[in-house]
Amino acid sequence: MIKKIINIKNTGKFRSFIAKSGVQFNRMNIIYSENGRGKTTLSSIFRSLNEQNPELIVGRKTLGGIGAQSLEILVDSNKHQFKNNAWLSKPELEIEIFDSVFVSQNVYSKFIEHDHKKQLYLFTIGKTGVEKADQLDKLDAAIKKATSTKKELESSIKVGVEGVLSIDDFIKLPYKENIDEEIKKCQQALLAHSKEAEIKGKALLSKVELPTFDRVKFESNITGRTISDVLDTAEVITKNHIHNRLDVNGEKWLEYGVSKIKDNSCPFCEQDISSVDIIKAFRSYFSDEYRKAIKLVESLSDAFNQKCDIGNFLTFQSKVHTNVELLTFWKQYVSLPEQYQLVLDFYSDVWKEFTSAIKELIETKKRSPFESVTISDDANRKIDMYLSCLQQISDYNIFVESVNKLIEERKNSINQNAFQNLQVNLQRLKNIKLRYDSSKIELVDKYNQLTSEIDGFNKNKIKIRNELREYTEAIFRKYEHRINHHLVNCGANFKVSDFKSSFLGGKPSSNFSFIINNVTVQIGSENTPQTSASFRNTLSEGDKSSLAFAFFLAKLENDPEVENKVIIFDDPISSLDRHRKRYTADQVLNFANKVKQVIVLTHDIYFARMVWEKYTEKKTLLSQLCIKRDCLSDSIIDTWDVEEETRSDYYQGYFLLADFLRGKPNLNLRSVAMSIRPLIEGNLRIRFPEDFNSNEWLGDFIKKVRTATKEPLLQMTSHLVDLEEINDYSKRFHHDRDPYSQPEPINEIELEAYVKRTLNLIQGVHNASVSYEAI
């Protein structure tokens, strides 16, 4: 916290200022000064101290002053001196200043004068944008002068260059002191970001599965239907007969013969063969139905063995293990639902029992393909267990989906570019080190002799212009909502919208529009005629000031370090009406309770009074100072009493009530009613300064009168009834009320009665005691 400006010599109006012992700063500070006495100089001193920019002070050296400039400021417990055109130390705190310099730097607006051209408005939000715009201006000037030629030496120069970097960009890399230290810092930053990269690259959970099982279809294939005229031993009988009686072509010969059997007669001898068992076996073996039955049983076995191969279970087991490991990792970074566990030992047992049972049933069917196979209760139990496991797996996969959704949200929250940017920056630092290595300097010097300066400047211009556009877009996305919030609250009739970047005429600007009365108004350009609505002819000076102030507030609100900062408001109410002044005072006081220190510099004595009245910790945390004339033209900083300097408010309230009784037209009746209590309080504070403090209200005074036992308060007991009734009446216009309810209507006759009683009371109090003469 800034505690004291110890001395200022030969800077602005402060020719030889040495602070008195009582001139000290506090957490909240009101500094009043007439225009031209040194407020802007103080702002420049604070800005110079914060930015360590001596030019801001050197440029304000007192004209005609004798001797060198010097300053000494006490910040916390450390003294910071300005000597020999430089600050000898920098305070740890940061200072944010709202003043005309802030407006010109952050609400960037200027005229471009050129033959046969109209004025060009370039409006850029943000200090960085202004700085980059200035860089573009300097590049434009340099481009006009630069001439050169270009020749190739790239193959030798680019050896060892990391990343994708053109020869021109490599040569233009700026020299950096302590490059090894910067590389080390960047590598440390990369290490710190590696965990985010690991999160981004970490896999999602996998859904798991085991082979499905159609119980109904399986039971149909196993139980089957019996065929009464088909022998289960047909294949054995037929193959034994071929082996014992025929040659290798015997099967084809028998198949041909069976195909010729008609009406149970032998195709060779025409004897009746209906009761010959071996013929029945032949006919069964070579029948289509038999072959289909045999093929069905064989395919059933093959299909099950393939589908329920042990590899499928091992894959399932592996995925579950992997998911368990992933869950262990992700629960460090994601709030997971209650975990759904799959006990692999149990699943392994179920798998073994199920597959064994099914294979045993299939083998039984293969041995007697035309007999119905009965599925035992034990086999059914094992099938039930397996189907139950499949349902659990389905539930588990629903759990996996919910977890993966949370993981995706976590991944999406990671700044995807941060790690890549650090990698690129590390490459750039390594390339800078290589660029200024002795092995490259001679080659680069030769190349630079043949390189066109104009080409290099143009590339740099494009780079800066792109940075400016990106910066402007980012600033408006971040601050536009808060800027419009404050514009609405301070009564502005416009808002900011429709942001878009522009480089009209090659000059950078933050081009957005305003909405006024639901009509979009463009900022305009050098070609916008005066007859068309644009920024320059639709916003008043008060609107422009409100816009700048709204941006400053938005900046503070979005600053995570604001509580550690000193905030300085230098005449924040320029061109503002009374409502906006009150809103400005409210915002100043809002930050007074949030930041390390607030300093208000103002030339408006009533704004100073307004801030003073609203600030609650007057006795302990407030300093009231002023910049006043010393001798003919110099200035000093001294103590000040805002209450004493602004006591004329009492008389304003008195004449408002008097004008009402005289019948003056167009008076605001609510303002008249609200002036009753302050008038009485002001009168009583003047009459009883030792008994009625500035931070007490009329109700407090009434309580003192009720319990008074000695003069002078004892004399007021005769006025106690009037004081109580007037106080009760005036409460209706001062206490907080429901913001959605209608304000209580004012009865003019009732108001007139209370105004008369108020003025009579004041007159009576004036006459109460000779020793308490009215002012």
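Okay, let's start with a helix pair: Phe218, Asn221, Ile222 and Thr223 in H8 meet Ile358, Leu361, Ile362 and Lys365 in H14. Before I go on, please keep in mind that this is a predicted model. By class, that contact between H8 and H14 has 5 nonpolar, 2 polar and 1 charged residues. For orientation, H8 covers residues 215–223 and H14 covers residues 344–367, and their axes come within 9 Å, crossing at roughly 30°. Angles under 35 degrees count as roughly parallel, so that's what we call H8 and H14.

Now a second pair, further along the chain. Helix H26, residues 669–687, and helix H28, residues 720–731, have axes that come within 9 Å and cross at roughly 135°. So H26 and H28 are oblique to each other. Which residues of H26 meet H28? They're Ile676, Arg677, Ile680 and Leu684, and on the H28 side the partners are Leu723, Ile726, Asn727, Tyr729, Ser730 and Lys731. The residues of this contact divide into 6 nonpolar, 2 polar and 2 charged.

While we're around H28, have a look at the loop between helix H27 (698–706) and H28, where you'll find Pro712. The peptide bond joining Glu711 and Pro712 is cis, with omega at about 5°.

There's another backbone detail at Asn178. Asn178 isn't a glycine, and yet its phi is positive, about 55°. Where does Asn178 sit? In the loop between helix H6 (167–171) and helix H7 (179–201).

On to the empty space. Rolling a probe the size of a water molecule over the atoms shows where such space is left. How many cavities of 30 Å³ or more turn up in a search of the whole structure? The search finds 2. The largest cavity has a volume of about 60 Å³. It's lined by 11 residues, and those closest to its centre are His486, Cys490, Ser546, Phe549 and Tyr583. Helices H18 (453–489), H20 (541–557) and H21 (578–592) are the elements that give two or more residues to that lining. H20 gives the most, with 4 residues. By class, the lining of this cavity has 7 nonpolar, 3 polar and 1 charged residues.

Next, the second largest pocket, which has a volume of about 780 Å³. Here the lining is made of 21 residues, and nearest the centre lie Asp169, Leu173, Arg428, Lys463 and Glu467. The elements giving two or more residues to this pocket are helix H4 (127–145), helix H16 (416–435) and, once again, H18. Which element provides the largest share of the lining? That's H18, with 7 residues. Sorted by class, the pocket lining has 6 nonpolar, 6 polar and 9 charged residues. So that you can put the two linings side by side: for the largest cavity, the charged count was 1.

Last stop, one residue in a strand. Gln624 is in strand S15, residues 622–630. Its side chain reaches the backbone nitrogen of Val642 at 2.7 Å. What else does Gln624 touch? Leaving out residues up to four places away in sequence, the contacts of Gln624 are Ile30, Trp612, Asp638, Thr639, Trp640, Asp641, Val642 and Glu643.

That's my tour. If you've got the structure open, try starting from Gln624 in S15, and then go over to the loop with Pro712.

Methods:
Residues are numbered from 1 along each chain as its sequence is written. This is a predicted model: local features need pLDDT of at least 70, side-chain atom pairs count only at pLDDT 80 or more; totals for chains, interfaces and linings use all residues. Side-chain values use heavy atoms; hydrogens and water are left out. A polar contact is a pair of N or O atoms within 3.5 Å; within protein, one must be able to donate a hydrogen and the other to accept it, and residues adjacent in sequence count only if both atoms are side-chain atoms. Contact means heavy atoms within 4.5 Å. On a 1 Å grid over the protein atoms alone, a cavity is a set of points where a 1.4 Å probe fits but cannot get out, and a pocket is an open set with protein on both sides within 12 Å along at least five of seven lines; lining residues have an atom within 4 Å of a point. Grid points are joined across faces, edges and corners, and a volume is the space filled by probe spheres set on the points. Ala, Val, Leu, Ile, Met, Phe, Trp, Tyr, Cys and Pro count as nonpolar, Asp, Glu, Lys and Arg as charged, and the others, Gly among them, as polar. Axes are lines fitted to C-alpha atoms, for helices over the stretch in contact, and angles run from 0 to 180 degrees between N-to-C directions. Angles under 35 degrees count as roughly parallel, over 145 as roughly antiparallel, 65 to 115 as roughly perpendicular and the rest as oblique.
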